[in-house]
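Colleague: Fancy walking through this one with me, question by question? I'll ask, you reason it out.

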Amino acid sequence: MALASPRVRSTSVEAQEFPELARRYEVSAVPKIVLNERVEFMGAVPEPMFLEAVLAAVSEGDGAGAAEIQEIEPAAEG
Amino acid sequence: MAFLTDTDASYLRERFAELLTRPVGLRLFTEPVSGLYVPGRRTCETCAEAEELMNEVAALSDQIHLEVVDVSTRREEAAQWGVTEVPTIAVGPGDTDAGIRFQGLPDGYEFTSFVETLASAGSENGHGLAPETLDALAALPADVDIKTFVTPT
């Protein structure tokens, strides 16, 4: 998606090498995907569902997406 | 070859010859490992390995261009590319910034994702997305930052 849109950036983070980041985003299992610090889900999902998560991440309001995608509170720094 | 076996290397060389139809830039942001312990300062444990792996990958195809950026001397460039941690690898078509980063050493299972991303960046429409997805992405009202947390095992 990052290749297809200048608006999308994608970073793959090796959780063991960057434990502070993993803690900040409460990573307890992988792969964990976090979009705009607002939407998160676990594991690989089909393309339409991933797109829903992307749209939820930029939506105004509560950003409600698919049932499998849950909103997260922005985690505290540190 | 420390990371790739001869079998892996020849397989990847064939795949890249087939898949890469345009140049791909790999930009490795790293820092020299001094071996000197400085209290309170985090040393980069995988920077040397990342550089070795990237050199091995870049040697597999003439379409792959590797640029190694030492962030200790080229801070501005790191800032321009939004790089805050090392090692970080930016992958993009040509020398452009496609917003794709691998933070940490992409080995183990992650190496597969890395190779797939490289192959996608090196071919027209390599993203493989459906037309509906492309339409939705073209209409995005704001930027989207995707972080994917992974482990090598």
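Colleague: Where in chain A does P31(A) sit?

Modeller: Helices and strands here are DSSP runs (H or I of at least four residues for a helix, E of at least two for a strand), numbered from the N terminus. On that basis, the place of P31(A) is the loop between α1 (19-24) and β2 (32-35) of chain A.

Colleague: Before we go on, what kind of model is this, and which pLDDT limits apply?

Modeller: Residues are numbered from 1 along each chain as its sequence is written, chains are lettered from A and ligands numbered from 1 in the order written, and side-chain values use heavy atoms, with hydrogens and water left out. The model is predicted, totals for chains, interfaces and linings use all residues, local features need pLDDT of at least 70, and side-chain atom pairs count only at pLDDT 80 or more.

Colleague: Back to that proline, then. What is omega for the bond between V30(A) and P31(A)?

Modeller: Most peptide bonds are trans. The one joining V30(A) and P31(A) is cis, with omega at about -10°.

Colleague: And in chain B, which loop holds P87(B)?

Modeller: P87(B) takes part in a cis bond too, coming from V86(B) with omega near -10°. As for its place, P87(B) is in the loop between α3 (75-80) and β3 (88-93) of chain B.

Colleague: What is odd about the phi of E26(A), and what value does phi have?

Modeller: Most residues other than glycine have a negative phi. E26(A) lies in the loop between α1 and β2 of chain A. E26(A) is exposed, at 57% relative accessible area (exposed is over 50%, buried under 20%, partly exposed in between, with a 1.4 Å probe and protein chains only). Its phi is positive despite not being a glycine, at about 50°.

Colleague: What about E37(A): buried, partly exposed or exposed?

Modeller: E37(A) is another non-glycine with a positive phi, about 60°. The loop between β2 and β3 (39-42) of chain A is where E37(A) is found. With a relative accessible area of 36%, E37(A) counts as partly exposed.

Colleague: What's the order of elements along chain A?

Modeller: Chain A has 2 helices and 4 strands, and 44% of its 78 residues are buried. Read along the sequence, the pattern is β-α-β-β-α-β.

Colleague: How many helices and strands does chain B have?

Modeller: From the N terminus, the elements of chain B run α-β-α-β-α-β-β-α-α-β. That makes 5 helices and 5 strands.

Colleague: Why call chain B as compact as a globular protein of its length?

Modeller: I take the radius of gyration over C-alpha atoms and set it against the globule rule, which is 2.2 Å times the number of residues to the power 0.38. For 153 residues that rule gives 15 Å, so chain B is as compact as a globular protein of that length, its radius of gyration being 16 Å.

Colleague: What share of the contacts in chain B joins residues at least 24 apart?

Modeller: Contact means heavy atoms within 4.5 Å. Counting contacts between residues at least 6 apart in sequence, the share for chain B is 70%.

Colleague: How many salt bridges are there over all chains?

Modeller: Side chains of opposite charge can pair when their charged atoms come close. The rule asks for a side-chain nitrogen of Lys or Arg within 4 Å of a carboxyl oxygen of Asp or Glu. The count over all chains is 11.

Colleague: How far apart are the closest N and O atoms of E18(B) and R15(B)?

Modeller: Both residues lie in helix α1 (residues 6-19) of chain B, 3 residues apart, or about one turn. E18(B) is exposed at 57%, while R15(B) is partly exposed at 31%. They form a salt bridge whose closest N and O atoms are separated by 3.6 Å.

Colleague: R74(B) looks busy. Which residues share its salt-bridge network?

Modeller: R74(B), partly exposed at 28%, forms a salt bridge with E67(B), closest N and O atoms 2.7 Å apart, and E67(B) is partly exposed at 33%. R74(B) also meets E77(B) in a salt bridge at 2.9 Å, N to O, and E77(B) is buried at 18%. Shared partners link R74(B) into one network with R27(B), E67(B), E77(B) and D95(B).
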